[in-house]
Every structure is written in C-alpha cells, then in structure tokens.
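User: Could you walk me through this model? I'd like to talk about its strands and then its pockets.
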Amino acid sequence: MRLLAQSLAGALLATIALVPAGAAEPAMKVAKASERVYYVQGEAGMATAANRAFNSNAAFVVTFEGVVVFDALGTPALGAALKQAIAGVTRQPIRRVIISHFHADHFYGLQSLVGPGVEVWAHVRGKAVLGSEFTQSRLEQRRRDLAPDVNEQTRLMGADRWIEFNNGTEMEFTLGEVRFRLIDVAGAHADDDVMLFVESDRVLLAGDLYFSGRLPFVGNADSKRWLAAMDVIAPLQPKVVIPGHGPASTDPAPDIALTREYLQYLRETMGRAVRDLKSFDEAYAETDWSRFAKLPAFAAANRINAYGTFLRMEQEALNKQ
C-alpha cells in the first residue's frame, strides 16, 4: 500500500502551534491530497492528554467560492489550529463544515470554526446522538482526562442544516464548480455516519468507515451494516481515500480488505462464543488475536471492539428467536 503522506513530495505545507496555557506546542501539518483537497493527520492510537487529543484527521477542499471542511477535530484548540492552517493555504473563507459523525474526536473543535457565513452540515440522526446521555457523559469524561484542552468552555455544537436522505443514499452539491457527493452510511460505525466524495478530484473523505494503518475502532457499532457500507467505496473508484484516522492512501484496497477481515473475524469468533454459551472473558481469552496484535491502537481498542461485537452477536441471536 502506498501511503499518500509518504508519496506526495513537498506535501507538508504548514506547521501550526497549539498554545493552551502551560502546555507544550504540538505541531499540526497540512498535506496536499490533490489539486483542491488538503488534510491534517492526527497521531495513531487513542486520544490522550499526551497527544493533546490529536488522534483524528480533518480535511478541507478549496474552491473559488470558499472552503468546505470535513470534520473539526477533537478539541477547540485543535479546531482553532485547523482554522489557522486553512488560512495558511488559502485566503478563501470557510463556507461549510461537514461533520462525519458526532463522536468526540471529530466535532469538539467545531466551536472554533463556526462564525458568520459558515454553515454546519451533519446527518439528521446526529441530533439524537448529540443530545444523548452518552454524549454528555463523554464530555465530562474528556474534561477530566484531556484538560486543559477540553474544559468548562468546551461546548457541544450541532448543525445548522441536518441532512435527510429521503430520496436515496446520496446528496449532490456544487461549490465553486467543484462537485461533491455526500453519502449516507448511517448505522455502520455510528448512527449518523456520512462520507464526502470530492468528485472533481476523485478524493473520498471517508470518516471512520475506513481506517488506514491502525486497528479500526468498532465499539458497539453495527458490524453487519459496516461490512455492507464498505461495498459503497469500491464503485467510487477514488484516487485517494482520507480516513478518519491514519494516513491517506492512494491504494485503498488493502485497508478495505483489512477492515473487512477484522470485522468478519470479530463476528465469527464472538458469534461462535455466543452460540456455545461462553462468557465474554472466556471467548476473548481463547481467541487468537495474533493477526491484528501488532497494529497501532490494538491494545487500546481490541478488547472494547470484541466486547461490543459480543453484545451485538447476542442481540442478533435473540432477534432470530
């Protein structure tokens, strides 16, 4: 697999310092994915105080009528740094921010990106996610674990336009003669997933449906629907895929295959344990994880993924009765 971050010479365009009081200054670098599309890449692994919660990606598309941003990163400071990074690339103003899904690492920076002339778009199902007890408790947890980058001034912001996909699974729009396709993949990784295909450049902004160079975070996602959603990517024939986490790729097939293999393996092993009436602890201890154990984020995410899938397989088994 060719990694875009390695293959595009001269793609690092800007370094933006993040400056919360009393903290070190991690760097944010902008890489160019195509003529119009740029992205910033977080570190591998989970969000921690050490990496300043910079573990996810965001992208932006420059048109002559303004900038479309995809995701807002995981803290207001990161959102502010992203805004500065965009200003370092273009004088065009931000016109639209599209949130791939309302998980903390993808939208907490939103409050630093909004302002006059900026419209925020998200899947209509994000309303319920944003207002859920889980999302509120997650904020409190991150205020404890990621202070001062997430603190009492961190606000959970929603969309100006909640997109409904009543007439199909895609919505097309154009800005500055650049053609976009907003793709509904809700219920796969999260209840409110969307992907954005920049048709003019054949770049897919995939959110967390696609992971590159690291173990996917599955949690309690519907892995069956996620596997179906993976089938949406191949027909697009993207030249570049920018995932929610990990480096962008000009050869997405191996990452698609790895994600598919991992999801299938979770379902097979945890499903068999459910059928055999084993406990989760027994199932996890007996499973051979060696195929995936060396991937970044394995230690942090695999047990959570397996447990979520175990519960999912129990529910599927009950639904069949």
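**Sheet and pocket**

Analyst: Strands β11 (residues 194-198) and β12 (residues 203-211) run antiparallel and are joined by three bridges. Strands are DSSP runs (E, at least two residues), as helices are (H or I, at least four), numbered from the N terminus, and two strands pair if DSSP finds at least two bridges between them. The model is predicted, so local features need pLDDT of at least 70 and side-chain atom pairs pLDDT 80 or more, while totals for chains, interfaces and linings use all residues. Residues are numbered from 1 along each chain as its sequence is written, and side-chain values use heavy atoms, without hydrogens and water.

User: What is the bridge partner of V198 in β12?

Analyst: V198 is bridged to V203.

User: Which strands form the open sheet, and in what order?

Analyst: The order is β9-β10-β11-β12-β13, with mixed pairing. Because β9 (170-175) and β13 (240-245) stand at the edges with a single partner strand each, one side of each is left without a neighbour in the sheet.

User: OK, switching: what lines the largest pocket?

Analyst: It has 41 lining residues, and H103, F134, R138, F217 and N220 lie nearest its centre. A pocket here is an open set of points on a 1 Å grid over the protein atoms alone, where a 1.4 Å probe fits, with protein on both sides within 12 Å along at least five of seven lines; lining residues have an atom within 4 Å of a point.

User: Which element gives the largest share of that lining?

Analyst: That is α5, with six residues.
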